[in-house]
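Here is a friendly walk through this structure, from its strands to its ligand site. Take a look at the sequence and the model before reading on.

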Amino acid sequence: MQLLESYITKYGKALPGDILKVDSFLNFQIDVELLDRLACDIYQHFKDKNINKILTVEASGIALSTLVAKYFNCKLVFAKKSKTLNMSDDFYSEKCFSFTHKTQNNLMVSKSFLTSEDNVLVVDDFLANGEACNSLLSIINQANAKLQGIAIAVEKAFQGAGDRFRSSGIDLYSLAIIESMNEGKIEFR
Ligand code: 5GP
């Protein structure tokens, strides 16, 4: 998507460790108008798939997912990374290594919010090594729900997960695909 690529070129910063910093519009500070355009584009791609649930991971996936859920007129469920007192004991869980925190988490989704009735679109801000998406796919399987596709704002193609998902037959739709970030220069596919 041209618009997102131009934001990344203008405001993004490639940091050491294959991290793209986009905190002026996608994380920390959120450009709601831009995210609404991204959500609309995601809706156009998946609108015929009968999606009735959006699934993401806290925290940075929630903003875009909320807008996507509004277009689909459906509920958004997010996987939590730590158990809190207000959470029921009945949840699906899967371990997940966090790319940005470099820690192992347990993703948890309440069983009452994901069922075999659900046609699910997974949404996240970034796709790097695919850990977060893999864990969400495992949770979808545990719930006997149906995966309809994955929508990502920024895929870092050089980390490989995107092409692995595509070759396994998953409908992965990424709005910006970064081919390389060598010496701070961001190249798109
Ligand atoms: P993965 O699980 O695919 O390895 O990494 C995806 C998750 O890590 C996303 O949920 C995102 O929050 C975070 N992430 C991965 N790469 C980046 C990056 O370059 N920049 C930012 N801001 N977050 C990233």
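Let's begin with the sheet. Six strands make up an open sheet, and their order is β4-β3-β7-β8-β9-β10, with mixed pairing. At the edges stand β4 (75-79) and β10 (187-188); each has a single partner strand, so one side of each is left without a neighbour in the sheet. Please keep in mind that this is a predicted model.

Within this sheet, strand β3 (residues 53-57) runs parallel to β7, and three bridges join the two. If you would like a residue pair to find on screen, try L55, which stands opposite V122 in β7. When you trace side chains here, it helps to remember that in a regular strand they alternate between the two faces of the sheet.

Another strand pair is worth a visit. Strand β5 (residues 91-97) and strand β6 (residues 104-110) run antiparallel, joined by seven bridges. Here E94 is found opposite L107 in β6. The two strands β5 and β6 form a hairpin with six residues between them, and K102 in the turn has a positive phi of about 60 degrees.

Two loops hold backbone details that you may want to check. Which peptide bond is cis, with omega near 0 degrees? The bond is the one from E58 to A59, and A59 belongs to the loop between β3 and α3 (62-72). F28 has a phi near 65 degrees, which is a positive value in a residue other than glycine. You will find F28 in the loop between β2 and α2 (32-46).

Now to the ligand. The ligand sits in the largest pocket. Three elements, β2 (19-21), β7 (119-127) and α4 (131-142), give two or more residues to the shell around the ligand. Of these, β7 gives the most, with four residues. The sheet and the ligand site thus share a strand: β7 has β3 as a parallel partner and also contributes to the shell.

There are 17 residues around the ligand, and those that come nearest are L20, D124, G130, A132 and K156. By character, the shell divides into seven nonpolar, five polar and five charged residues.

The table below lists polar contacts with the ligand.

| Protein atom | Ligand atom | Distance |
|---|---|---|
| K156, side-chain N or O atom | oxygen | 2.8 Å |
| E131, polar backbone atom | oxygen | 3.2 Å |
| D125, polar side-chain atom | oxygen | 3.3 Å |

How much of the ligand's accessible area does the protein cover? On its own the ligand has 510 Å² of accessible area, and the protein covers 89% of that.

Definitions and conventions:
Residues are numbered from 1 along each chain as its sequence is written. This is a predicted model: local features need pLDDT of at least 70, side-chain atom pairs count only at pLDDT 80 or more; totals for chains, interfaces and linings use all residues. Side-chain values use heavy atoms; hydrogens and water are left out. A residue is near a molecule or strand if one of its heavy atoms lies within 4 Å of it. A polar contact is a pair of N or O atoms within 3.5 Å; within protein, one must be able to donate a hydrogen and the other to accept it, and residues adjacent in sequence count only if both atoms are side-chain atoms. Accessible areas come from the Shrake-Rupley method with a 1.4 Å probe; for residues, only the protein chains shown count as cover. On a 1 Å grid over the protein atoms alone, a cavity is a set of points where a 1.4 Å probe fits but cannot get out, and a pocket is an open set with protein on both sides within 12 Å along at least five of seven lines; lining residues have an atom within 4 Å of a point. A molecule sits in a cavity or pocket if more than half of its atoms lie within 2 Å of its grid points. Ala, Val, Leu, Ile, Met, Phe, Trp, Tyr, Cys and Pro count as nonpolar, Asp, Glu, Lys and Arg as charged, and the others, Gly among them, as polar. Two strands pair if DSSP finds at least two bridges between them.
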